[in-house]
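Could you walk me through this structure, stop by stop? I have it open in a viewer and would like to know what to select next and what is there.

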Amino acid sequence: MKNKLKLLCVIGLFYFCIFTSCVNLNAKAQEDEYSVGFNEGTELIWEVAELDLMKFKETFGFEPNFEIGDQNRMIIREIDSAAGVWTIEIEFWDYKTDWGLSGRTVTLFMGKDPSQYDDYLFSLYPVEQYLDEAISHLPTDYYRLGLSVYKQGKSSTGLDYLWEKEYDSRGILITETVYDEFDQIIIRLEGTFRFIPFGMYFIGFTILAIIAIIGVSIRKNKLRIKSV
């Protein structure tokens, strides 16, 4: 019985920590209407998952500096807030560079106002609300579906293409895809990371489910003891 109670306490403490993290993230978002939803030290790697080399050269008029399986890497080094803008300093390793050496330092600037959205690598948080407002200020060649932003464009060779950027719930780019005019993939990058969001309802239902399972287990043990 004591072991069961200890297990219940440990599980409860674990989910309390997750709950507290979510509350802190929401509190951060309230300080600035739109904030950065990820932390310093976050490491990101994207891989070239698909590439139609012939179509790429035909559409953009040059050969890419990558091939299928190539990866680039990024580490978030510093996140700062100033009047009207978020600055994100990253260390970046391009395709075919040595990750054993220091990467290139790049500073990204993101306007806090969604009307300033400019094909950012990241999205601000809360993501869906931010993208929805950003789209309302963008030209008609942009549109949004869920956490994806689409942009219809025309290359220097005169061919139409569609550019898709899909973000996760933190605002991190998880896939970037360019389609030709027939919706065939020209190039697709995929993040080798995946984030499982811990929403409030998910946490609540999970805690209740665990408590219920433990409660049933304890009750069964009591019934067994009585029947002996």
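Start by selecting Phe-193, which sits in the loop between β9 (185-191) and α4 (200-227). Keep in mind that this is a predicted model. Is Phe-193 buried or exposed? Its relative accessibility is 14%, so Phe-193 counts as buried, the cut-off being under 20%.

Now show what surrounds Phe-193. Leaving aside neighbours within four places in sequence, Phe-193 is in contact with Leu-44, Ile-45 and Trp-46, and also with Arg-170, Ile-172, Leu-173 and Ile-174. Add Glu-43 to the selection as well: Phe-193 and Glu-43 are 150 residues apart in sequence, yet their C-alpha atoms are 9.0 Å apart in space.

From Glu-43, step across to Arg-73. The side chains of these two residues make a polar contact at 2.8 Å. Arg-73 belongs to strand β2. With a relative accessible area of 15%, Arg-73 falls under the 20% limit and is therefore buried. Not counting residues up to four places away in sequence, Arg-73 touches Glu-43, Leu-44 and Ile-45, together with Glu-91, Phe-92, Trp-93 and Trp-99.

Next, colour the largest nonpolar core, a group of 31 residues. Which of its members touch the most others? They are Phe-38, Leu-44, Met-74, Ile-76, Ile-88, Tyr-117 and Phe-122. At least two residues of this core come from each of β1 (43-51), β2 (71-82), β3 (85-93), β4 (104-111), α3 (127-137) and β8 (173-180). The element that gives the most is α3, with five residues.

For a view from inside this core, centre on Ile-88. Setting aside residues up to four places away in sequence, Ile-88 touches Val-36, Phe-38, Ile-76, Glu-78, Val-106, Thr-107, Leu-108, Met-110 and Phe-122. Apart from the largest core lies another one, made of 12 residues; to find it, select Phe-56, Phe-66, Trp-163 and Ile-187, which are among its members.

Keep Phe-66 and Trp-163 selected and turn on the surface, to look for the second largest pocket. Its volume is about 490 Å³. Of the 18 residues that line this pocket, the closest to its centre are Phe-66, Tyr-95, Trp-163, Glu-176 and Leu-189. Where does the lining come from? α2 (53-60), β2, β7 (160-167), β8 and β9 each supply at least two residues, and β8 has the largest share, with three. Try colouring the lining by residue type: 14 of its residues are nonpolar, one is polar and three are charged.

The last stops are about the backbone. Select Lys-96, in the loop between β3 and β4. Its phi is near 65°, a positive value in a residue other than glycine. Lys-96 is at 55% relative accessibility, and because exposed means over 50%, this residue counts as exposed.

Then move on to the loop between β4 and α3, where Asp-119 is placed. Here too phi is positive in a residue that is not glycine, with a value near 50°. Pro-126 is found in the loop between β4 and α3 as well. Zoom in on the link between Tyr-125 and Pro-126: what kind of peptide bond joins them? The bond is cis, with omega at about 0°.

Definitions and conventions. Residues are numbered from 1 along each chain as its sequence is written. This is a predicted model: local features need pLDDT of at least 70, side-chain atom pairs count only at pLDDT 80 or more; totals for chains, interfaces and linings use all residues. Side-chain values use heavy atoms; hydrogens and water are left out. A nonpolar core is a set of buried Ala, Val, Leu, Ile, Met, Phe, Trp, Tyr and Cys residues joined through side-chain atoms within 4.5 Å. Buried means under 20% relative accessible area, exposed over 50%, partly exposed in between (1.4 Å probe, protein chains only). Helices (H or I, at least four residues) and strands (E, at least two) are DSSP runs, numbered from the N terminus. Contact means heavy atoms within 4.5 Å. On a 1 Å grid over the protein atoms alone, a cavity is a set of points where a 1.4 Å probe fits but cannot get out, and a pocket is an open set with protein on both sides within 12 Å along at least five of seven lines; lining residues have an atom within 4 Å of a point. Grid points are joined across faces, edges and corners, and a volume is the space filled by probe spheres set on the points. Ala, Val, Leu, Ile, Met, Phe, Trp, Tyr, Cys and Pro count as nonpolar, Asp, Glu, Lys and Arg as charged, and the others, Gly among them, as polar. A polar contact is a pair of N or O atoms within 3.5 Å; within protein, one must be able to donate a hydrogen and the other to accept it, and residues adjacent in sequence count only if both atoms are side-chain atoms.
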